[in-house]
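Please open the structure in your viewer and keep the sequence panel visible. The stops below are arranged so that each selection prepares for the one after it.

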Amino acid sequence: MSARELSSTQDTLSPYRSGQPAQLADVLERVLDKGIVVAGDIQINLLDIELLTVRLRLLIASADKAREMGIDWWEGDPFLNGGKQKKALEERLNRLESAAGIESTSSE
């Protein structure tokens, strides 16, 4: 196989390794599919006394990839799940009102 044929075969198999610039959508898709971690530490010392330490860990990935890694904090976050909790509370209130013989005032 000649070098030209090999080069054209590689271009069709892997768009990321071709000589052409990658499209933003391709880069974003790859980052979300694989995930990327950015880590950094900032430390401020004065005369060998630690005054401030900031540790930064940033994970950029799709929700599916995060679930594969065992990260699912958004599913249990009460702020993000406010709608689900509100509906459950309304249903509980309606059951209690029914049991007490009080007419429900909520509009459904």
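The tour passes from the whole chain to a surface patch, then to salt bridges and a glutamate.

**The whole chain**

Begin with the complete protein chain, bearing in mind that the model is predicted. Colour it by secondary structure: five helices and two strands should appear. Followed along the sequence, these elements come in the pattern α-α-β-β-α-α-α. Of the 108 residues, 6% are buried. Switch to a surface representation, and about 9800 Å² is exposed, 57% of which is supplied by carbon and sulfur atoms. Among contacts with a separation of 6 or more, residues 24 or more positions apart account for 17%.

**The two strands and the nonpolar patch**

Next, select residues 36–46, which are strand S1, and residues 49–60, which are strand S2. Which residues form a nonpolar patch on the surface? Show the side chains of Ile42, Ile44, Leu46, Leu47, Ile49, Leu51, Leu52 and Val54; together these have about 800 Å² of accessible area. Each of the two strands supplies at least two residues of this patch, but S2 gives the most, with four residues.

Centre the view on leucine 51, a residue of strand S2. Leucine 51 counts as exposed because its relative accessible area is 55%, above the 50% cut-off for that class.

**Salt bridges between the strands**

Keep both strands displayed and turn to the charged side chains. How many salt bridges does a search of the whole structure find? The search finds four, and three of the pairs can be visited here, beginning with arginine 55 and aspartate 41. In this pair the closest N and O atoms are 3.5 Å apart. The bridge links distant parts of the chain, since arginine 55 belongs to strand S2 and aspartate 41 to strand S1, 14 residues apart. Arginine 55 is itself exposed, with a relative accessible area of 60%.

Now add arginine 57 to the selection. Aspartate 41 also forms a salt bridge with arginine 57, where the closest N and O atoms are 3.0 Å apart. This pair, too, connects strand S1 with strand S2, its residues lying 16 positions apart.

**A salt bridge within a helix**

Move on to helix H3, residues 63–68, and select glutamate 68 and lysine 65. Their side chains meet in a salt bridge of 3.6 Å, N to O. Both residues lie in this helix, three residues apart, or about one turn. Is each partner buried, partly exposed or exposed? Glutamate 68 is exposed at 62% relative accessible area, whereas lysine 65 is partly exposed at 22%.

Before leaving the salt bridges, display Asp41, Arg55 and Arg57 together: bridges with shared partners join these three into one network.

**Glutamate 50**

For the final stop, return to strand S2 and select glutamate 50. Glutamate 50 counts as partly exposed because its relative accessibility is 49%, under the 50% that an exposed residue must exceed. Leaving aside residues up to four places away in sequence, glutamate 50 touches Gln43, Ile44 and Asn45. Ile44 has already appeared on this tour as a member of the nonpolar patch.

Two distances complete the view. The side chains of glutamate 50 and glutamine 43 are joined by a polar contact of 3.1 Å. A further polar contact, of 2.3 Å, runs from the side chain of glutamate 50 to that of threonine 53.

Technical notes:
Residues numbered from 1 in each chain as written. Predicted model: local features only at pLDDT ≥ 70, side-chain atom pairs only at ≥ 80, totals over all residues. Heavy atoms only, no water. Buried < 20%, exposed > 50% of the residue type's maximum accessible area, 1.4 Å probe, protein only. Contact = heavy atoms within 4.5 Å. Areas by Shrake-Rupley, 256 points an atom, 1.4 Å probe, with all protein chains shown as cover. Patch = residues over 30% accessible without salt bridge, like charges linked within 9 Å, V, L, I, M, F, W, Y side chains within 5 Å. Polar contact = N/O pair within 3.5 Å; in protein donor to acceptor, adjacent residues only side chain to side chain.
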